[in-house]
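Q: Please take a close look at one part of this model. Start from how its pieces pack, then follow the connections outward.

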Amino acid sequence: MGMAGLINTRTSLRHPFSVPRLFSNQSSQASQLATRAINPLFPCAKLSKAGAVVMAAMEVSKAPSSLDLANRQPSKDVLEIWRNADAVCFDVDSTVCLDEGIDELADFCGAGQAVAEWTAKAMTGTVPFEEALTARMSLIKPSLSQVEDCLEKRPPRISPGIADLIKKLKANNTEVFLVSGGFRQMIKPVAFELGIPTENIIANQLLFGTSGEYVGFDPAEPTSRSGGKAQAVQQIKQDRGYKTLVMIGDGATDLEARQPGAADLFICYAGVQMREAVAAKADWAVFEFQDLIAELP
Ligand SMILES: [Mg+2]
């Protein structure tokens, strides 16, 4: 597949309302940008800097005209929970980060198109998550060194405003977790960048053989199955004895986490991906993390 094909695959995954413009805080490597900035609507600013996580600035259009969500304004009850939550769990792909980690890895390993189709299917919730994950990973079969190379050459891009939001939550003594259907190995640098301890990452685990070859993923991780995020969030709440917990994400599995015993509140972050079915059912829908920061004490 040529570069044009890859770029198309990447841009087609984004909703039509947001036109992210990405800037880099490492302008010395600006020459690297040229290779991925083919589509003027979506210059993919990725830098090949080892271990780096790119902080992206993004312009997101405000409320799309075709969508009039009643939940853009939080109710008094919603704000009460948001301001006093013991813990906040963030989805990673298309929430904390601008990309879908598995799609990135697939793209890097040359299986972009086939895997993106599976990801789209997994998002709609019509295919069991474990089935979609197994199918995608057997198309990619990433070796340990490919995963490491991918992280180095395409560092995860952090969504605008998320670092400030997490800083603010921590200052208010609200514990922060990353709950993801992606892979722990790929989320670690993101957690490190945001000051989130590794024990607060709940995600899937890639398994490699003795020579670093892909052998699978750990099926014991709840996040590898449908309904897994709800289960993971419930576990966090139980283990840590939290009274109120908030889930923030863009997908159906994040919405699912709002249920008795698990998340008390679901906030849809639609700044990267706008999924109407998810946003419409959220307690609060935001397009910018700034809106969440503004309502914190
Ligand atoms: Mg997501």
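A: A crossing of two helices is left-handed if the near helix is turned anticlockwise from the far one by less than a right angle. That term is needed for one helix pair below. The model is predicted.

First, the helix pair. Two numbers describe such a packing: the angle between the helix axes and the distance between those axes. For α3 (residues 101-108) and α5 (residues 129-140), the angle is about 25°. Their axes lie 9 Å apart. Angles under 35 degrees count as roughly parallel, so α3 and α5 are roughly parallel to each other. Their crossing is left-handed. On the α3 side, Ile102, Leu105 and Ala106 make the contact. On the α5 side, the contact residues are Arg136, Leu139 and Ile140.

Two loops flank these helices. One links β2 to α3, and Ser94 sits in it. Ser94 has a positive phi, near 65°, and is not a glycine. In general, most residues other than glycine have a negative phi. Ser94 has 27 other C-beta atoms within 10 Å, so this residue is buried. The other loop runs between α5 and α6 (144-153) and holds Lys141. The phi of Lys141 is also positive, at about 40°, and Lys141 is not a glycine either. Lys141 has 13 other C-beta atoms within 10 Å and is therefore partly exposed.

Now the sheet. From the loop that holds Ser94, go back to β2. Strand β2 (residues 87-90) runs parallel to β4, and 4 bridges join the two. One bridge pairs Phe90 with Leu178 of β4. Leu178 also stands opposite Ile201 in β5.

Strand β4 (residues 175-183) deserves the closest look. Of its 9 residues, 8 are buried, so the rest of the structure largely encloses β4. The cut-off for buried is 20 or more other C-beta atoms within 10 Å. Besides β2, β4 pairs with β5 (residues 201-204). That pairing is parallel too, over 3 bridges. Phe183 has Asn204 of β5 as its bridge partner. From β4 the chain passes through helix α8 (residues 184-194) and on to β5. This β-α-β crossover is right-handed. Helix α8 lies across both β4 and β5, and runs at about 145° to β4.

The wider sheet puts these pairings in order. It is open, has 6 strands and is paired in parallel. The order is β5-β4-β2-β8-β9-β10. Its edges are β5 and β10 (284-286), each paired on one side only. Neighbouring strands are turned by 20° against each other on average, with direction ignored.

A lysine contacts the enclosed strand. Lys229 belongs to helix α9 (residues 228-240). Lys229 has 29 C-beta neighbours inside 10 Å, so this lysine counts as buried. Its contacts beyond four places in sequence are Val179, Thr223, Thr253, Asp254, Glu256 and Ala257. Lys229 and Ala263 are 34 residues apart in sequence, and their C-alpha atoms are 9.9 Å apart.

A longer link starts at helix α2 (residues 76-84), where Asn84 is placed. Asn84 has 13 C-beta neighbours inside 10 Å, so this residue counts as partly exposed. Asn84 and Pro297 are 213 residues apart along the chain. Their C-alpha atoms are separated by 9.2 Å.

Last, the whole protein. It has 12 helices and 10 strands. Of its 297 residues, 44% count as buried. Among contacts with a separation of 6 or more, 64% join residues 24 or more positions apart.

Key:
Residues are numbered from 1 along each chain as its sequence is written. This is a predicted model: local features need pLDDT of at least 70, side-chain atom pairs count only at pLDDT 80 or more; totals for chains, interfaces and linings use all residues. A residue is buried if 20 or more other C-beta atoms lie within 10 Å of its own, exposed if 12 or fewer, and partly exposed in between; C-beta atoms are placed from the backbone. Two strands pair if DSSP finds at least two bridges between them. A crossover is right-handed if, with the strands pointing away from the viewer, the path from the first strand over the helix to the second runs clockwise. Axes are lines fitted to C-alpha atoms, for helices over the stretch in contact, and angles run from 0 to 180 degrees between N-to-C directions. Angles under 35 degrees count as roughly parallel, over 145 as roughly antiparallel, 65 to 115 as roughly perpendicular and the rest as oblique. Two residues are in contact if their C-beta atoms, placed from the backbone, lie within 7 Å.
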